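Here are a few friendly notes to read alongside the model. I have grouped them by region so you can follow each one on screen.

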Amino acid sequence: MDKNLEDEQFTGVIKFMPPLYKQRYEFVKDLVRKYKPKRVADLGCADCTLLWMLKFCSCIEVLAGLDICATVMKEKMHRLTPLPADYLDPSERSLTVTLHQGSVAHKDSCMLGFDLVTCIELIEHLQEAEVEKFPEVVFGFMAPSMVVISTPNAEFNTLLPGVTIFRHPDHKFEWDRAQFQSWAQDTAKRYDYSVEFTGVGNPPAGMEDVGFCTQIGVFVKKYPQTREPVKCEKPNEAAYKTVFKAVYPSLKDEKYLQNAVVSEVMFRAEIIKQSLLDHLMSEYEDYNDDPTERKVKLQCSVNCFSEDFETLAVEKSMEPFVSGNVVYIPLRKLFSFPKVKQLCGTFENFCRLITGKVTLNSDHSAVMLNIENEDEES
Ligand code: SAM
């Protein structure tokens with residue numbers, strides 16, 4: 001759409017590096033890095049490329065896209081689905097991505113509570129009646145802390161050969177800087193926002209007077225904590241249709257946290273068990289190199305701890321030990337690993353998360369691992 005026209009049709013005349021659409025997305029990403037919004041909505045999200053880029057910003061916990069055209073959203077929305085790696089190594093943060101089909105001229109309560117709303121190359125596609133409703137929906141109803149609006153700067157068009165009226169056949173208008181700024185300042189004043197203007201796509205040397213190819217207004221809500229919500233007509237309940245929803249696996253979800261803790265505990269416990277057995281075996285190798293003899297001696301050695309001694313040993317020490325065919329790895333030892341500690345926070349929480357998921361000794365002070373397999377192998 002717009003991005004192709006600006007970056008390909010005019011290749012050889014004006015070439016933006018990186019391409020202009022990427023500069024717009026990078027502009028949004030920079031704002032996200034700076035202000036760290038948790039909830040971001042992209043209006044007129046089209047093929048969801050900006051949303052896909054934003055899902056990698058770790059501050060964002062809720063991402064929503066809105067477009068009037070479901071077909072264009074569905075084209076590449078699979079990119080917003082969690083990957084197998086997201087399940088194998090769940091993130092600390094929670095992330096929910098939702099796509100809605102609907103118009104920015106309508107209110108829907110699913111668009112409430114956002115910190116940042118982006119409208120990238122959207123308003124020039126709106127019909128006159130939609131442009132009139134747009135400020136009330138975005139600034140009055142959604143009322144996020146920050147709004148970013150980008151739109152073509154008509155003054156730049158003289159540098160784009162082939163552009164007779166508008167840059168794209170679907171554009172209903174293209175504003176020069178004065179028109180955009182006047183609309184933006186009126187809107188900001190009406191809804192208690194401040195606005196600053198910038199852009200992306202630098203004009204060539206000597207042509208600076210035309211301004212950026214894409215003009216951008218960044219609106220910031222004044223007094224976000226204290227201001228009374230603007231009175232607005234009752235939202236049309238469920239004006240939008242949800243076409244996609246993905247809830248990413250997160251360690252904030254107990255189920256994924258428990259899996260992560262148990263995997264880490266079993267991984268650490270297996271390493272400890274192996275090194276303990278290797279150590280015991282190497283001790284016997286010093287005395288006798290006959291493997292049959294070694295097995296007998298290992299069996300003898302591991303049996304050296306009586307069952308009564310087990311509890312005492314675990315209580316007194318964080319060190320793992322062997323009794324019978326079992327390696328005992330004290331929970332305190334396992335909790336001392338930084339990743340386990342970081343996942344669980346407290347020792348009590350650690351015990352709670354692994355109880356019932358790993359085999360523990362009678363007083364729940366150690367993980368028990370059988371050594372029969374190793375015995376057979378050796
Ligand atoms: N924001 C995207 C980007 O920068 O790549 C795509 C912008 S595209 C030029 C404009 C999008 O606005 C289209 O996907 C179109 O379907 C959508 N659109 C047009 N009118 C709309 C409306 N009233 N409400 C929501 N989306 C609308």
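**Notes on the predicted model**

1. Let's begin with one side-chain contact: in this predicted model, a polar atom of the arginine 167 side chain sits 2.8 Å from the backbone oxygen of asparagine 153. Arginine 167 belongs to the loop that runs between β5 (146-152) and α7 (177-191).

2. Is arginine 167 buried or exposed? Its relative accessible area is 4%, and the cut-off for buried is under 20%, so arginine 167 counts as buried. When you look at this loop, then, you will find a charged residue that is buried and has a backbone oxygen 2.8 Å from its side chain.

3. Next, the ligand. It is surrounded by 16 residues, and the closest are Tyr25, Gly44, Asp67, Ser103 and Ile120. Two of the side chains to look at are those of tyrosine 25, which has an N or O atom 2.5 Å from an oxygen atom of the ligand, and serine 103, with an N or O atom 3.1 Å from a ligand nitrogen. The backbone takes part in this list as well: an N or O atom of the isoleucine 68 main chain lies 3.2 Å from a nitrogen atom of the ligand.

4. Please also have a look at the second largest pocket, whose volume is about 240 Å³. Its lining is made up of 15 residues, and those nearest the centre are Leu88, Asp89, Pro90, Ala260 and Lys339. By type, the lining has seven nonpolar, four polar and four charged residues.

5. Which helix gives the most to that lining? The answer is α8, with five residues. Helices α5 (84-88), α8 (254-285) and α12 (338-344) each provide at least two.

6. Where does the second largest pocket lie with respect to the domains? Residues of its lining come from both domain 1 (2-247) and domain 2 (254-377), so the pocket lies between the two.

7. My last point concerns helix α13 (residues 347-354). Six of its eight residues are buried, which means that the helix is largely enclosed by the rest of the structure. The buried residues are Phe347, Asn349, Phe350, Cys351, Leu353 and Ile354. Just beyond the helix, glycine 356 adopts a positive phi of about 85 degrees, so do check that spot when you trace the backbone out of α13.

Terms used
Residues are numbered from 1 along each chain as its sequence is written. This is a predicted model: local features need pLDDT of at least 70, side-chain atom pairs count only at pLDDT 80 or more; totals for chains, interfaces and linings use all residues. Side-chain values use heavy atoms; hydrogens and water are left out. On a 1 Å grid over the protein atoms alone, a cavity is a set of points where a 1.4 Å probe fits but cannot get out, and a pocket is an open set with protein on both sides within 12 Å along at least five of seven lines; lining residues have an atom within 4 Å of a point. Grid points are joined across faces, edges and corners, and a volume is the space filled by probe spheres set on the points. Helices (H or I, at least four residues) and strands (E, at least two) are DSSP runs, numbered from the N terminus. Domain bounds come from an automatic or database domain assignment. Buried means under 20% relative accessible area, exposed over 50%, partly exposed in between (1.4 Å probe, protein chains only). A polar contact is a pair of N or O atoms within 3.5 Å; within protein, one must be able to donate a hydrogen and the other to accept it, and residues adjacent in sequence count only if both atoms are side-chain atoms. A residue is near a molecule or strand if one of its heavy atoms lies within 4 Å of it.
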